[in-house]
Structure formats: C-alpha cells, structure tokens
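Hi,

Here is the structure I promised to pass on, with my notes underneath. Have a look at it first, then read on.

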Amino acid sequence: MTISPINGREMLTAEQVHDITGVPVSTLHDWAAKRSAELTPQARVTFRLSNRHRRWTRRDVEQWIRICTHLT
C-alpha cells in the first residue's frame with residue numbers, strides 16, 4: 001500500500017486488490033486495459049504509474065465491492 005502524495009488516498013497494487021476481491025491479477029490488468037480503451041466498464045478507474053505499474057484506490061475497490069454485492 002502507498003499513499004498518494006496528490007490526494008492522500010490509499011493506493012493498492014493489483015496483488016492487494018486480488019487479496020481483497022479474489023479477482024485474479026491478470027483479470028484486473030485485462031479489465032484495466034480494456035477500460036482504458038473504453039471496451040469494458042468492469043474495471044474501476046486505475047492510475048497508471050508506468051507501462052508496468054497500475055494502482056487502484058482502496059475507496060474505489062470498496063465501492064465496487066458494495067455495488068457488486070447489491071447486484072446479487
């Protein structure tokens with residue numbers, strides 16, 4: 001976990017999001033890439049640090065979980 005110097009939000013790695021959600025890391029990256037190309041709405045907004053590093057905010061992940069649990 002890191003804290004964003006810009007907005008003070010807790011930023012999570014794909015492995016940390018996987019630990020929270022159970023979604024495979026490869027799927028998270030696939031969803032994020034498709035989201036960037038506007039091909040899928042599944043991935044929450046990610047922050048791209050470089051070509052090889054993305055981060056998700058804990059708040060967005062928790063909101064996504066709440067939405068998903070209300071859909072079932």
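Before I get to the charged residues, one term: a salt bridge here is a side-chain nitrogen of Lys or Arg within 4 Å of a carboxyl oxygen of Asp or Glu. Arg58 and Glu10 satisfy that, with their side chains meeting at 2.8 Å, N to O. Please keep in mind throughout that this is a predicted model.

Since you're new to this one, let me give you the layout and then come back to that pair. The protein chain has three helices and four strands. Starting from the N terminus, the order of the elements is β-β-α-α-β-β-α. The chain has 72 residues, and 26% of them count as buried. If you take the contacts with a separation of 6 or more, 41% of them are between residues 24 or more positions apart.

Salt bridges

Back to Arg58 and Glu10. What does this pair link? It joins distant parts of the chain, with Arg58 in helix 3 and Glu10 in strand 2 (residues 10-12), 48 residues apart. Both ends are partly exposed: Arg58 has a relative accessible area of 28%, while Glu10 comes in at 22%. For Glu10, that means it does not count as buried, because buried requires under 20%.

How many salt bridges are there by this rule? The count is two. The other is between Glu62 and Arg58, whose side chains meet at 3.9 Å, N to O. That distance still falls within the 4 Å cut-off, so the pair counts. Glu62 and Arg58 both sit in helix 3, four residues apart, which is about one turn of the helix. Glu62 is partly exposed too, with a relative accessible area of 36%. Put together, Glu10, Arg58 and Glu62 form a linked network of salt bridges.

A buried acid

Now look at Asp60, also in helix 3. Asp60 is buried yet has no salt bridge. Which side chain of opposite charge is nearest to Asp60? That would be Arg59, 4.5 Å away. A salt bridge needs the two atoms within 4 Å, so Arg59 does not make one with Asp60. What Asp60 does have is a polar contact of 3.0 Å between its side chain and that of Thr57.

The tryptophan pair and the core

There is one aromatic pair in the structure. Its rings belong to Trp31 and Trp64, with centres 5.9 Å apart and planes at 80 degrees, so the pair is edge-to-face. This pair also links distant parts of the chain: Trp31 is in helix 2 (residues 25-36) and Trp64 is in helix 3 (residues 58-71), 33 residues apart. Are these two tryptophans buried or exposed? Both Trp31 and Trp64 are buried.

Trp31 and Trp64 also belong to the largest nonpolar core, which has ten residues: Leu12, Ala14, Val17, Val23, Leu28, Trp31, Ala32, Trp56, Val61 and Trp64. Helix 1, helix 2 and helix 3 are the elements that give two or more residues to this core. Helix 2 has the largest share, with three residues. As background, nonpolar side chains tend to be buried together in soluble globular proteins.

For a closer look at one core member, try Ala14. Setting aside neighbours within four places in sequence, Ala14 is in contact with Val25, Leu28, His29 and Trp56.

Two more places to look

His18 is in helix 1 (residues 14-21) and is partly exposed, at 30% relative accessibility. Leaving out neighbours within four places in sequence, the contacts of His18 are Val23, Pro24, Val25 and Leu28. His18 and Leu28 are ten residues apart in sequence, and their C-alpha atoms are 8.0 Å apart in space.

Ala33 lies in helix 2 and is partly exposed, with a relative accessible area of 36%. Between Ala33 and Thr46 there are 9.5 Å in space, C-alpha to C-alpha, and the two are 13 residues apart in sequence.

If you want a place to begin, I'd go for Arg58, which shares a salt bridge with Glu10 and another with Glu62. After that, turn to Trp31 and Trp64, the edge-to-face pair.

Cheers

Technical notes: Residues numbered from 1 in each chain as written. Predicted model: local features only at pLDDT ≥ 70, side-chain atom pairs only at ≥ 80, totals over all residues. Heavy atoms only, no water. Phe/Tyr/Trp six-rings, centres within 6.5 Å; stacked < 30°, edge-to-face > 60°. Buried < 20%, exposed > 50% of the residue type's maximum accessible area, 1.4 Å probe, protein only. Contact = heavy atoms within 4.5 Å. Lys, Arg positive; Asp, Glu negative; His and termini not counted. Polar contact = N/O pair within 3.5 Å; in protein donor to acceptor, adjacent residues only side chain to side chain. Core = buried A, V, L, I, M, F, W, Y, C linked by side-chain atoms within 4.5 Å.
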